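I set out to keep a short notebook on this entry, writing down what I looked up and in what order.

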There are 2 protein chains.
Amino acid sequence: MTEKNDRQEGRFLRACRLQEVDCTPVWVMRQAGRYLPEYRRLRERYTLLEICGNPELAAEVTLQPIRRFDLDAAIIFADILLPLKGMGLDFRFAAGEGPVISQPVRSPEAVRALHTMDPWEHLSHVMEALRLVRRELDPGRALIGFCGAPFTLASYMIQGGKSKNFLETKRFMYTHPDAWKELMGKLVQVQVSYLNAQVDSGAQAVQLFDSWVGSLGRADYREYVLPFSRALFQGLKSRGVPLIHFGTVTGALLEDMQEAGGTVLGVDWRVDLDQVWDRLGTGQAIQGNLDPLALMAPRPILKRKVREVLAQARGRRGHIFNLGHGVLPPTDPDAVAAMVDWVREESK
Amino acid sequence: MTEKNDRQEGRFLRACRLQEVDCTPVWVMRQAGRYLPEYRRLRERYTLLEICGNPELAAEVTLQPIRRFDLDAAIIFADILLPLKGMGLDFRFAAGEGPVISQPVRSPEAVRALHTMDPWEHLSHVMEALRLVRRELDPGRALIGFCGAPFTLASYMIQGGKSKNFLETKRFMYTHPDAWKELMGKLVQVQVSYLNAQVDSGAQAVQLFDSWVGSLGRADYREYVLPFSRALFQGLKSRGVPLIHFGTVTGALLEDMQEAGGTVLGVDWRVDLDQVWDRLGTGQAIQGNLDPLALMAPRPILKRKVREVLAQARGRRGHIFNLGHGVLPPTDPDAVAAMVDWVREESK
């Protein structure tokens, strides 16, 4: 806590804490990655997992968007699946189809066989990358750590990769409720220690990516997910760093996600920000929510859409401008630059 | 109108009109199709498009689930893409990847080149299938016609198939607003004549499938979609048949979809039915909304989930029990049978 209070906090951290800011802070999910030519050039020589596994490369990639755009936060370059190897599940990234887990978790026995790994042993390269980035980063810009939420990670583990309907995940959840709890409990344990290690290594805020949780109805969310996301947030609470709770397609789950926890709730473009605050109260910090596809629109449309998001936020304390989901690989970096500039200008 | 009033209307049509029913009517999206062994046997000999194009086969497939389950409605077996050929777009179904449109619509010129087809010329086989089914169907069971909504069809036309992010669709919409309006206008014209022809051929209700509309934020829905869906419903209004307006991931769009029109609003499992009625008023008939994945759960869990849907509907007039999206191919038909029976028993 001392270190944090000694340092001048920038507008991202101030907004997370509902403090006054000179203009709306902005960062972009997946701001480091495939839409940047300098990242693609690195990827000609290294695989995604090679970059994640090498602290210098991961730090370099994390900083690439910071050099280009006037962003208020950097997010460490990593993948939400990194903890799986230490837990005993091997995976690879297949061209065009995303992650493929060689032996998906499909039985209570497979859950029992999973380890709860020590992040300092298995993911020390992430901690080292965080330290390198924090050293380079301007003190006014925050460094965000992150991990996958228990539900989203469990769904990858059970499906064996991406999914449209989450058929195997839901079947497992309904059929093996005890093994489901065991799996979610192990994931909570792993991710609490992983995020704590990230905070120890320089992360000043952490984001929980529950990207696929919007596939669940409310009753299922409350029964199979909420207790575990809550336990995870509880495990970080004493650290005093802002906790961002993010999901997509969560319009019907906002109150439940708020109940699970998080200093900041991240929402996608399917909900209107003014309605989100109406539902959750002005004491809730909110991150979002431009449609990443708006970056494909002609500039005047993009500008109008940036303005619409800011107009709905009405300059409330606790708004952090972001996309509603990650920036897409075919995005023009100049559109991101224009967006960041407009957020600055229009929110002053 | 005379014919309709002379015939004893079953509980599905009564519920659509907010009239009293003895128990909650039930049908299932994609109730005719790949999860039924008798359908799969037919598919060994005929392609999907061969079945759609042959009135006897389409009628047979439409009736298959009615012979198995005590359903309150049959929905004509067809595909939402059928009108595309008459409009000048060729497509095929590629194994495992769904529909593939050979020449996606990617320019204003491509929109201008599209025809507005006459359903009696190009889709007379659908009308014949409707007549055959109506003749076979018990008078207490309704026959539902359907078509794709303008947005969902436009997205297939522009993407060239299924999509995750609707990148090309949104890019087109933002970049070519006039061509977008022209495309949507042509689709409205085609679908109004198509649905009217279906009503002429025995359809007693029609469902508009706007399956992918939940990819849009509210402002985009109101600007690029609502006026066209409304025009489509207006073009059917004088027929006096119930109009079902269905979409998925529409939790933030319910009021806007209600404004666009429809006698019945179809919703997915992501929203709680009691909250839907709170928002839309008890004068709105609602269809839904069991998670199709609940059919993969052990029977006691399935039963509990059927009860939860009925409990939220609280026996309100205008509830039609259905899934929140189509039944999935790996579903056990016996689970569907159990679900239908429980809806009957529990809603008496």
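Before tracing the sheet I fixed my terms: I take two strands to pair if DSSP finds at least two bridges between them. The model I am reading is a predicted one.

**Sheet of chain A.** I followed the strands across chain A and found an open sheet of seven strands in the order S1-S4-S5-S6-S7-S8-S9, with parallel pairing. Strand S1 (73–75) and strand S9 (319–320) of chain A are at the edges with a single partner strand each, so one side of each lacks a neighbour in the sheet. I then looked at one of these edges, where three bridges join S1(A) to the parallel strand S4 (residues 142–148) of chain A, and I noted that A:Ala74 lies opposite A:Leu143 in S4(A).

**How the two chains are related.** I laid chain B on chain A and recorded an RMSD of 0.0 Å, reached by a turn of 180° with a shift of 0.0 Å along the axis. The two copies are thus related as by a two-fold rotation axis. Which residue of chain B comes closest to the rotation axis? I found B:Gly251, whose C-alpha is at 3.0 Å.

**The interface.** I listed 27 residues of chain B in contact with 26 residues of chain A. On the side of chain B that touches chain A, helix H11 (167–175), helix H13 (218–234) and helix H16 (299–313) of chain B each supply at least two residues, and H11(B) gives the most, with five residues. By class I wrote down 15 nonpolar, five polar and seven charged residues for that side of chain B. Because 96% of the interface residues of chain B are interface residues in chain A as well, the copies meet through the same surface.

**Helix H17 of chain B.** I checked the length of helix H17 (residues 333–346) of chain B: at 1.5 Å a residue its 14 residues should span 20 Å, and the end C-alpha atoms are indeed 20 Å apart. Its buried residues are B:Val336, B:Met339, B:Val340, B:Trp342 and B:Val343; seen down the axis of H17(B), the buried residues fall within an arc of 165°, so they line one face of the helix. Their cover includes H16 and strand S9 (319–323) of chain B, whereas B:Asp334 and B:Glu345, on the other side of H17(B), are exposed.

**Backbone oddities.** I noted a cis peptide bond between A:Gly288 and A:Asn289, with omega about 0°, and a cis peptide bond from B:Gly288 to B:Asn289, with omega near -5°. A:Asn289 is in the loop between strand S8 (285–287) and helix H16 (299–313) of chain A, while B:Asn289 has its place in strand S8 (residues 285–290) of chain B. I also looked at B:Phe166, which is not a glycine yet has a positive phi of about 60°, and B:Phe166 counts as buried because it has 20 C-beta neighbours inside 10 Å. B:Val249, not a glycine either, has a positive phi of about 55°; I placed B:Val249 in the loop between strand S6 (243–247) and helix H14 (254–260) of chain B, and B:Val249 is buried, with 25 other C-beta atoms within 10 Å.

**A:Asp256.** Last, I turned to A:Asp256 in helix H14 (residues 254–260) of chain A, which counts as partly exposed with 18 C-beta neighbours inside 10 Å. Leaving aside residues up to four places away in sequence, A:Asp256 touches A:Arg218, A:Tyr221, A:Arg222 and A:Leu226.

How values were computed
Residues numbered from 1 in each chain as written. Chains lettered and ligands numbered in written order. Predicted model: local features only at pLDDT ≥ 70, side-chain atom pairs only at ≥ 80, totals over all residues. Contact = placed C-beta atoms within 7 Å. Helix = DSSP H or I, 4+ residues; strand = E, 2+ residues; numbered from the N terminus. Nonpolar A, V, L, I, M, F, W, Y, C, P; charged D, E, K, R; others polar. Expected span 1.5 Å × (residues − 1). Buried ≥ 20, exposed ≤ 12 C-beta atoms within 10 Å, placed from the backbone. Arc of directions from axis to C-beta. Least-squares fit on C-alpha atoms with pLDDT ≥ 70 in both.
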